[in-house]
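Here is a friendly walk through one protein model, written for someone who spends more time at the bench than at the graphics screen. Have the viewer open as you read.

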Amino acid sequence: MNRKIIPVILIIAAACLALAACMNNGGTNAQPTPGPTANYAPNATDGSGAQNGNGAAGLTNNGDATNNGATGNTAATTDGALNPFDWANGATDIEKAIGRISEISDARVVVTNSTALVGVKFDNAYKGEITERIREMVAAEVLRADPSIQTVAVTASEDDVNKVYALSEQIRAGRNADELSAEINAIVRNATTLR
């Protein structure tokens, strides 16, 4: 009976030694430093800007404070603060990126404070309405450029899109977007665009 136990004890001892060797950290008690994690997916808001049909949908950023290889120029400084994205000069790049979404032919983005309003025009071949997937893709482009944006409202309603284009032209002509915040927020909160 003892002869059968000895090989089992030797196997267990060898396994323990092998595991101990794998866990050896050079005699130090240092703990591994966890790496940073990021979440780039926008989350839906509580419906304060959500939409059905051709209106606007509010989406929020999940709080990521970096711009890892994104379109745009928001980046963390050495002290961790964000350099604000220059929407007055950089909006056209984001609009082009949104325009590359297959259903969208053209888009305009206006931003005030932490709210972005995007008016989209659909490609002639697309016969549908704005969907959650389209809203999320548009919001992702905006948030990739400027993670400090809290709300992204997307509208395809013809009247609202025309207003967004007019506001965009005023900003491109040199008007400060903050002066237009009441008009922008009125479109974001438009009763026809709320759920």
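The notes below cover helix packing, aromatic pairs and one loop residue. Please keep in mind that this is a predicted model.

**Two helix pairs**

Let's start with α2 and α3. Helix α2 spans residues 87–99 and helix α3 spans residues 132–145; they pack at an angle of about 145°, with axes 10 Å apart. Their crossing is right-handed. On the α2 side, the contact is made by Trp87, Ile94, Ala97 and Ile98, and on the α3 side by Val138, Glu141, Val142 and Ala145. Sorted by class, these residues are seven nonpolar, no polar and one charged.

Now turn to α4 (residues 158–172) and α5 (residues 181–188), which pack at about 160° with their axes 11 Å apart. Angles over 145° count as roughly antiparallel, so α4 runs roughly antiparallel to α5. This crossing is left-handed. From α4 come Asp160, Lys163, Val164 and Leu167, while α5 supplies Glu183, Ile184 and Ile187. What is the make-up of the contact of α4 with α5 by class? The contact has four nonpolar, no polar and three charged residues.

**Aromatic pairs**

How many aromatic pairs does the structure hold? There are two, set out in this table.

| Pair | Centre to centre | Angle between planes | Arrangement |
|---|---|---|---|
| Phe85 and Trp87 | 4.5 Å | 65° | edge-to-face |
| Phe122 and Tyr126 | 4.9 Å | 55° | tilted |

Trp87 is worth finding again here, since this residue of α2 also takes part in the contact with α3. Are Phe85 and Trp87 buried or exposed? Both are buried. In the other pair, Phe122 has a relative accessible area of 18% and is therefore buried, whereas Tyr126, at 23%, counts as partly exposed. The cut-off for buried is under 20%.

**A loop residue to look at**

Finally, find Asn113 in the loop between β3 (104–112) and β4 (115–122). What is notable about the phi of Asn113? Its phi is positive, about 50°, although Asn113 is not a glycine. Most residues other than glycine have a negative phi. With 64% relative accessibility, Asn113 counts as exposed. The strand after this loop, β4, spans 115–122, and Phe122 of the tilted aromatic pair carries the number at which that strand ends.

Note on methods: Residues numbered from 1 in each chain as written. Predicted model: local features only at pLDDT ≥ 70, side-chain atom pairs only at ≥ 80, totals over all residues. Heavy atoms only, no water. Axes fitted to C-alpha atoms, helices over the stretch in contact; angles between N-to-C directions. Helix = DSSP H or I, 4+ residues; strand = E, 2+ residues; numbered from the N terminus. Parallel < 35°, antiparallel > 145°, perpendicular 65-115°, else oblique. Left-handed = near helix turned anticlockwise from the far one by under 90°. Contact = heavy atoms within 4.5 Å. Nonpolar A, V, L, I, M, F, W, Y, C, P; charged D, E, K, R; others polar. Buried < 20%, exposed > 50% of the residue type's maximum accessible area, 1.4 Å probe, protein only. Phe/Tyr/Trp six-rings, centres within 6.5 Å; stacked < 30°, edge-to-face > 60°.
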